[in-house]
Structures are given as structure tokens and as C-alpha cells.
Amino acid sequence: MFYQQQLVVKTILREFNLYDGASVLGNKSNLYILQRTRASKPLIKSQQDFHDPLYTRAVKANSNLNQTSTTYVGVGRQLKQLQNSSLSTTPLGYHYLLELENCDKTRLMVVKQVEFRMKALVKIGGLTPIKHYFYQFKPWGVSGIVVLAESHFTIHTWPEYDYAAVDLFVCQPLADAEGLCQEIQNAFRAQNLKIKYIERGKEIKRGRKDDI
């Protein structure tokens with residue numbers, strides 16, 4: 001469509017749009033700022049010129065959807081304000097809290113088995129391990145952590161309740177969050193999986209990265 005209208009992409013604001021719901025699947029999209037050329041033309045001809053903003057997002061706050069009002073996309077000062085607002089609301093981290101219920105207790109009891117599966121899941125998720133530590137409780141149960149270049153991956157098991165709590169924190173959105181969560185469920189043969197997703201550090205004020 002851009003080619004047909006003879007438009008060029010001037011700027012891409014990554015993860016600009018945030019949609020309510022479907023957070024595990026990925027509820028963000030990019031905003032493309034386009035620039036006209038001398039050859040630009042509309043696909044749909046109109047009797048009058050169009051001068052309104054091309055895009056707007058949640059002009060009025062909606063308490064039910066927990067949205068905040070933002071400015072229009074336009075030109076000059078308005079666009080600059082929008083870019084600053086977008087950058088300040090990008091999360092510092094993406095936190096997945098998994099509750100694995102009705103697991104195969106034999107996969108939760110022994111530290112070597114838990115460690116093996118956690119390391120395998122790191123590889124499946126395309127994550128980068130830095131260090132790991134796993135501890136065997138008596139008479140059973142395991143706690144462990146894999147420190148990642150992306151942040152961390154932890155587990156705490158309660159074999160007596162067929163339950164495990166898994167915590168995955170990453171600094172960039174996962175390519176396939178739903179797929180990795182499913183792999184975690186399968187690894188411990190959990191019949192039920194509950195997921196809570198939190199975007200961390202989204203509302204804090206930020207300066208330049210080298211300002212400490």
C-alpha cells in the first residue's frame with residue numbers, strides 16, 4: 001500500500017500501541033510515520049482535501065480499560081511530544097508469573113531433574129544463560145534460578161501439592177511467549193496453567209541511559 005501511494009517510511013515508533021488483553025500473545029504494535037513524495041497520491045479519490053490528524057489514541061481516559069489520554073499524531077511539536085510520551089512508557093521488563101497445578105510430582109522432587117528441564121527451557125526460549133543455582137530441600141522440593149542475560153528464570157516446587165511456581169523476567173518482549181509458557185507446562189506435565197503478566201518499570205521517569 002505504501003508503494004502504491006508513493007509514500008516513504010520516515011520513522012518507526014516501536015511498541016507504540018498497547019492494547020488491552022492478549023498480553024501473553026503480544027498486545028503491542030508499531031507506529032509508522034509516513035512522508036509524502038512528489039509522486040504521492042491517494043488510493044481513494046475525494047472531493048475535498050483531508051487535513052485532520054491521521055491517527056489518534058484514547059483521547060479520553062477510560063477507567064474500565066485503564067487507558068490514559070495521549071496527544072494526536074501530527075507534525076512538528078505535536079509529533080515530538082508523542083515520541084517522548086511513547087519512550088517514557090516503554091517497560092523496563094516483562095514479567096511472567098506461572099502457576100503450574102496438578103503437575104507430575106516425580107518431576108518436582110529431585111534437583112537434577114528440575115535443573116535439567118529448566119536449562120532445556122532456557123535453550124528452547126532462545127534465552128542466554130549466565131549462571132545457575134539449584135537447591136534440594138529435605139525430604140523433597142527444589143528451588144532454583146538461572147540468571148539470564150535477559151534477566152532471570154526461577155522455580156520453586158511443592159511436590160506434596162503437585163505444584164510449582166515459575167518466574168520468568170526478561171528485558172525485551174519474548175518472540176513467542178505463549179509457546180514458551182506451553183513448553184514450561186509440558187516440561188512438568190502440569191494439567192493446569194495460570195499466567196500473570198506484569199510490565200515492570202513502565203511509569204517511571206527516565207533520563208539518558210548514561211545518567212547515574
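**Close-up views of a six-stranded sheet and its helices**

In β7, glutamate 99 finds its bridge partner in alanine 165. This pair is a good place to start looking around the model, which is a predicted one.

**View 1. Strand β7 pairs with β3 and with β6.** Seven bridges link β3 and β7 in the antiparallel sense, and the pair of glutamate 99 with alanine 165 in β7 can be picked out here. β6 and β7 are also antiparallel, with eight bridges between them. To follow that pairing, look for phenylalanine 153, whose bridge partner in β7 is leucine 168. As a reminder, strands of a sheet pair through backbone hydrogen bonds, either parallel or antiparallel.

**View 2. Both faces of β7 are covered.** Is β7 mostly covered or mostly open? Eight of its eight residues are buried, so the answer is mostly covered. In a regular strand the side chains alternate between the two faces of the sheet. Here, Tyr163, Ala165, Asp167 and Phe169 lie on one side, while Ala164, Val166, Leu168 and Val170 lie on the other, and all are buried.

**View 3. The open sheet has six strands.** Try tracing them in the order β4-β5-β6-β7-β3-β8, with antiparallel pairing. Which strands stand at the edges? They are β4 (129-136) and β8 (192-200); each has a single partner strand, so one side of each is left without a neighbour in the sheet. From one strand to the next, the twist averages 10°.

**View 4. β3 meets the edge strand β8.** Strand β3 covers residues 93-101 and runs antiparallel to β8, joined to it by nine bridges. One spot to look for is glutamate 101, which stands opposite asparagine 192 in β8.

**View 5. Two helices lie against the strands.** Helix α2, residues 111-124, lies across β4, β5 (142-148) and β6 (151-158), and runs at about 160° to β4. Helix α3, residues 177-187, packs on the sheet and touches β3, β6, β7 (163-170) and β8. The direction of α3 makes about 30° with that of β3.

**View 6. Helices α2 and α3 cross each other.** Their axes come within 10 Å and cross at roughly 160°. That makes α2 roughly antiparallel to α3, because angles over 145 degrees count as roughly antiparallel. Is the crossing left-handed or right-handed? The crossing of α2 and α3 is right-handed. On the α2 side, look for Arg117, Leu121 and Ile124, which meet Leu180, Glu183, Ile184 and Ala187 in α3. Sorted by class, this contact has five nonpolar residues, two charged ones and no polar ones.

**View 7. A hairpin joins β6 and β7.** Four residues sit between the two strands of this hairpin. Which residue in the turn has a positive phi? Aspartate 162 does, at about 55°, although this residue is not a glycine. Serine 151, in strand β6, is another residue other than glycine with a positive phi, with a value near 155°.

**View 8. The loop between β4 and β5 holds proline 139.** Look along the backbone just before this residue: the peptide bond from lysine 138 to proline 139 is cis. Its omega is near 0°.

Conventions. Residues are numbered from 1 along each chain as its sequence is written. This is a predicted model: local features need pLDDT of at least 70, side-chain atom pairs count only at pLDDT 80 or more; totals for chains, interfaces and linings use all residues. Side-chain values use heavy atoms; hydrogens and water are left out. Two strands pair if DSSP finds at least two bridges between them. Axes are lines fitted to C-alpha atoms, for helices over the stretch in contact, and angles run from 0 to 180 degrees between N-to-C directions. Contact means heavy atoms within 4.5 Å. Buried means under 20% relative accessible area, exposed over 50%, partly exposed in between (1.4 Å probe, protein chains only). Angles under 35 degrees count as roughly parallel, over 145 as roughly antiparallel, 65 to 115 as roughly perpendicular and the rest as oblique. A crossing is left-handed if the near helix is turned anticlockwise from the far one by less than a right angle, and right-handed if clockwise. Ala, Val, Leu, Ile, Met, Phe, Trp, Tyr, Cys and Pro count as nonpolar, Asp, Glu, Lys and Arg as charged, and the others, Gly among them, as polar.
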